[in-house]
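Visitor: I should like to learn how to read a predicted model feature by feature. Where might we begin?

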Amino acid sequence: MKFRQTLALIIGIFTSVHFYAQTTYVFFGSFNWDKNAEGIYVYELDMNSGKLSRITSVRNILNPSYLTLSPDGKYVFACTESKTKNAGSVSSFEFNPEKKTLTYINSQKSGGENPVYITVYKNGKWLINGNYTEGSASVVYPVSENGMIQPYVQNFHFSEGSINPGRQDRAHIHSTVFSPDYQYVLMPDLGADKIRGYRFENDKQEPLSEIPFTPAVPGSGPRHFTFHSNGKFAYCIEEMGGAVSAYTYEDGKLNNLQRINTHPDTYKGDYESSDIHISPDGRYLYASNRGKENNIAIFSVQKDGTLKTVGYQPVKGKHPRVFTIDPTGKFLIVANTGSGKAVVFKRNPETGLLKKTGKTKIENVSTVQVREY
């Protein structure tokens, strides 16, 4: 009798509550070089198999080199007209997961040539864009009600370079990253070998104010940047130096902790390190290498924030420009620009190692983002 009553109670609970299974969507950009060609693609990720299924795509947008999503997932913001002479813009799109549509909203000038990175404030009302060629950073304001981007209100231009005249004749901002508390922004400058720092004050009309920068190793070319989930450690991948620099972090200040190669000591050649991410559980850090290596370097994160090399995973393609990890930490997805392949790897949460599970062909795929809905 008690069993029947318990069973009836369980059935009653399940029938009286509506359960909605989450769906994971993956957003890809591409260097399409033609507005008539598809520029942004949306896929559904099967969280069991790692298979990608195409949902929709967008044309009439040129060279979306980097994407980011609004905090609520409703809007997709893109760096557009990248690698286009005398041009550069940021664009906004609305994503509707029920209708499975991605709709263009508007664009604004990026304030410089070759925008390569865009990030969004936690309330969705501010975007910060980095321009590589012109070495500048712009702040723009998207209206939260409809995702429309307004003209930028601040634009910082930098001119100084560093020791490599072929690559560092002037500043090259390569990423703009909010601190975990959203009170600061860190901007690796590949051309000047600096990690520039700014205080961010959301309630001001011009929210950014400069703070002292962190010098990088001369000739290293700092590129992308990430914070550990505990907020105490930060990591920068150096494109030209082929290394990851680890820092302790507090209130906008970085202090050197470690510098470790993203490649075996036996590797000799030009380094083309590119992207960097930490698993959601904070246990492993991943760094991509392009050029002759075409792999993902895997590191375990120690308690003191230092890194220990675990191994190297070939990306099954060429030129892994950008990669990402899904919110559950189950899959890592790589955008191999050179071979036009997006490859899905399953993560082993205990060892950090990767195993290929899926792929799809996207011409000149440039970037990738993932989110659950």
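**Reading strands, sheets and a pocket**

Guide: Let us begin with one pair of residues: Lys 341 has Lys 361 in β27 as its bridge partner. This is a predicted model, and the pair belongs to strand β26 (residues 341-347), which runs antiparallel to β27 and is joined to it by seven bridges.

Visitor: In what order do the strands of the sheet that holds β26 and β27 stand?

Guide: The order is β24-β25-β26-β27, an open sheet of four strands with antiparallel pairing. Each of β24 (320-325) and β27 (354-361) has a single partner strand, so these two stand at the edges and one side of each is left without a neighbour in the sheet. With direction ignored, neighbouring strands of this sheet are turned by 20° against each other on average.

Visitor: How do the side chains of a regular strand lie with respect to the two faces of a sheet?

Guide: In a regular strand they alternate between the two faces.

Visitor: Which other open sheet of four strands may I examine?

Guide: An open sheet with antiparallel pairing has the order β4-β5-β6-β7. Its edge strands, β4 and β7 (101-109), each pair on one side only. From one strand to the next, the twist averages 25°. Within this sheet, β5 and β6 are paired in the antiparallel sense over six bridges, and Phe 77 stands opposite Ser 92 in β6.

Visitor: Where is Thr 84 found, and between which strands?

Guide: Thr 84 lies in the loop between β5 (75-80) and β6 (89-96). Its side chain reaches the backbone oxygen of Glu 81 at 3.3 Å. Apart from neighbours within four places in sequence, Thr 84 is in contact with Leu 62, Asn 63 and Glu 113.

Visitor: How should I read a hairpin, for example that of β22 and β23?

Guide: One may take the pairing before the turn. Strand β22 (residues 295-301) pairs with strand β23 (residues 307-314) in the antiparallel sense over seven bridges. The bridge partner of Asn 295 is Pro 314 in β23. Five residues lie between the two strands of this hairpin, and Gly 305 in the turn has a positive phi of about 90°.

Visitor: How many residues lie between the strands in the hairpin of β2 and β3?

Guide: There are six residues between those strands, and Gly 50 takes a positive phi near 85° in that hairpin. Strand β2 (residues 40-45) and strand β3 (residues 52-58) are antiparallel and pair over six bridges. Glu 44 stands opposite Ser 53 in β3.

Visitor: What volume does the largest pocket have, and which residues are the closest to its centre?

Guide: The volume of the largest pocket is about 1,200 Å³. It is lined by 36 residues, of which Tyr 117, Tyr 182, Thr 226, His 277 and Gln 369 are the closest to its centre. The elements that give two or more residues to the lining are β4 (66-69), β8 (115-120), β12 (177-178), β16 (222-227), β20 (273-278), β24 and β28 (365-372). Two strands already discussed return here: β4 is an edge strand of its sheet, and β24 likewise stands at an edge.

Visitor: What pLDDT does the chain average, and where does pLDDT stay under 50?

Guide: The average is 94 for the chain, and 94% of the residues score at least 70. Over residues 6-20, pLDDT stays under 50, and the model has one contact beyond four places in sequence for this stretch.

Note on methods
Residues are numbered from 1 along each chain as its sequence is written. This is a predicted model: local features need pLDDT of at least 70, side-chain atom pairs count only at pLDDT 80 or more; totals for chains, interfaces and linings use all residues. Side-chain values use heavy atoms; hydrogens and water are left out. pLDDT is the predictor's confidence in each residue, from 0 to 100. Contact means heavy atoms within 4.5 Å. A polar contact is a pair of N or O atoms within 3.5 Å; within protein, one must be able to donate a hydrogen and the other to accept it, and residues adjacent in sequence count only if both atoms are side-chain atoms. Two strands pair if DSSP finds at least two bridges between them. Axes are lines fitted to C-alpha atoms, for helices over the stretch in contact, and angles run from 0 to 180 degrees between N-to-C directions. On a 1 Å grid over the protein atoms alone, a cavity is a set of points where a 1.4 Å probe fits but cannot get out, and a pocket is an open set with protein on both sides within 12 Å along at least five of seven lines; lining residues have an atom within 4 Å of a point. Grid points are joined across faces, edges and corners, and a volume is the space filled by probe spheres set on the points.
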